[in-house]
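Subject: Structure handed over, with notes

Dear colleague,

Please find the structure we spoke of just below, with my notes after it. I would be grateful if you kept it open while you read.

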Amino acid sequence: MVSKSNSSLSSLSSTHADQSSIRDWIEALVFSLLCVFILRVFVAEPYHIPSASMEDTLLPGDFILVNKFVYGAQIPFSSWKLPPLRQIKVGDVLIFRYPRDPSINFVKRCVACPGDWVEIKEREVFVNNQFQAYPLGSKFIGEKLSVHMKEESIFPSNSGFNKDYFGPVYVPKSGEEISLHPETLSLYRFLLEYEGHQVSVMGNAVYLDGFPEPTYKVKNNYYFVMGDNRDNSRDSRYWGFVPEPYVKGAAIMVFWSWNPDLTFFNPIEKINSIRWDRVGLLIH
């Protein structure tokens, strides 16, 4: 009888220990997943570079870490952001939601900030009439266009600009007033619609939500961005300004990289596809 009782107690103790071990494992897993979630939402998140628009700073096949904390991370399921550590500045490499399709993420370099005037002459960028040096990884791969050549897809429409001769264009700033008339509407239509207004034109007047408005006070800050591969980048020269709430963070480091042109079906090419010299590369 004593032997049976001891055996039962031992079995119960073992079962309890197993249950406790499973519970500890589940708690550790939940805690780990919560930490990963917090890090991805508020601190850093990985992104893959799919295109050549930022060559040679970033290459197709690069996997980068994005600092989401520096500009104030977005709080999930809301329009609120945490306070930023610093403001976006010229030269930052930004990850942002593409203004024409917010479900897509883009990566480009900030060229001009809110309140700046940006102009391109003979491929050279001027911000507030000051020449802006080319980024170290930038390049040109296409033909230089003349000042008289027009690009159909350039922003704003019917401006007569092209990728090498652009502007001057004012980058909208929060709290400042912009003039509204039919001639400037192609420059500001997206801004007005993004900020929640219905836009129309009647005669020589621009109507917002059914009322004629000669001016408008801008609610958000906006940015002008370009790819470092200047002849192979669809950027602000083609679709306009980036609203500040669409900016997700700053690209900080390449944590992994491989050549997507090499097949993974060949074991030797699979090994050779890894770009070891880019792993750990800081992004400037």
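In the largest nonpolar core, which has 46 residues, Leu192 and Phe224 touch the most other members; such a core is a set of buried Ala, Val, Leu, Ile, Met, Phe, Trp, Tyr and Cys residues joined through side-chain atoms within 4.5 Å, and buried means under 20% relative accessible area, with exposed over 50% and partly exposed in between (1.4 Å probe, protein chains only). Apart from this core lies another one, of 12 residues, which include Met54, Ile64, Val66 and Ile283. In soluble globular proteins, nonpolar side chains tend to be buried together.

Before going further I should say that this is a predicted model, in which local features need pLDDT of at least 70 and side-chain atom pairs count only at pLDDT 80 or more, while totals for chains, interfaces and linings use all residues. Residues are numbered from 1 along each chain as its sequence is written, and side-chain values use heavy atoms, with hydrogens and water left out.

As for the protein overall, 40% of its 284 residues count as buried, and it has 4 helices and 17 strands; these are DSSP runs numbered from the N terminus, helices being H or I of at least four residues and strands E of at least two. Among contacts (heavy atoms within 4.5 Å) between residues at least 6 apart in sequence, 59% join residues at least 24 apart.

Leucine 192 and its surroundings

If residues up to four places away in sequence are not counted, leucine 192 touches Leu180, Leu185, His197, Val199, Leu208 and Tyr216. One of these, histidine 197, is found in the loop between helix H2 (185–194) and strand E10 (199–202), and it counts as buried because its relative accessibility is 17%. Leaving aside neighbours within four places in sequence, histidine 197 is in contact with Leu192, Leu208, Asp209, Tyr216 and Lys219. With aspartate 209 it also shares a side-chain to side-chain polar contact of 2.8 Å; a polar contact is a pair of N or O atoms within 3.5 Å, and within protein one must be able to donate a hydrogen and the other to accept it, residues adjacent in sequence counting only if both atoms are side-chain atoms.

Aspartate 209 itself sits in the loop between E11 and E12, and at 37% relative accessibility it counts as partly exposed. Its phi is near 55°, a positive value in a residue other than glycine.

The strands on either side of that loop belong to an open sheet of 3 strands, ordered E10-E11-E12 with antiparallel pairing, where two strands pair if DSSP finds at least two bridges between them. The edge strands, each pairing on one side only, are E10 and strand E12 (211–212). Helix H2 packs on this sheet and touches E10 and E11, its direction making about 140° with that of E10; axes are lines fitted to C-alpha atoms, for helices over the stretch in contact, and angles run from 0 to 180 degrees between N-to-C directions. Strand E11 (residues 205–208) pairs with E12 in the antiparallel sense over 2 bridges, and leucine 208 stands opposite phenylalanine 211 in E12.

The sheet of 4 strands

A second place to look is an open sheet of 4 strands in the order E7-E6-E5-E8, again with antiparallel pairing. E7 and E8 stand at its edges with a single partner strand each, so one side of each has no neighbour in the sheet. Strand E5 (residues 117–121) is joined to E6 by 4 bridges, and glutamate 119 has phenylalanine 126 in E6 as its bridge partner.

In the loop between E7 and E8 lies serine 138, which counts as buried because its relative accessibility is 18%. A polar atom of the serine 138 side chain lies 2.8 Å from the backbone oxygen of proline 135.

Backbone points to check

Most residues other than glycine have a negative phi, and most peptide bonds are trans. Asparagine 129, which is not a glycine, has a positive phi of about 70°, and it is exposed, with a relative accessible area of 67%. A cis peptide bond, with omega about 0°, joins glutamate 55 and aspartate 56, and the bond from glycine 167 to proline 168 is cis as well, with omega near 10°.

With best wishes
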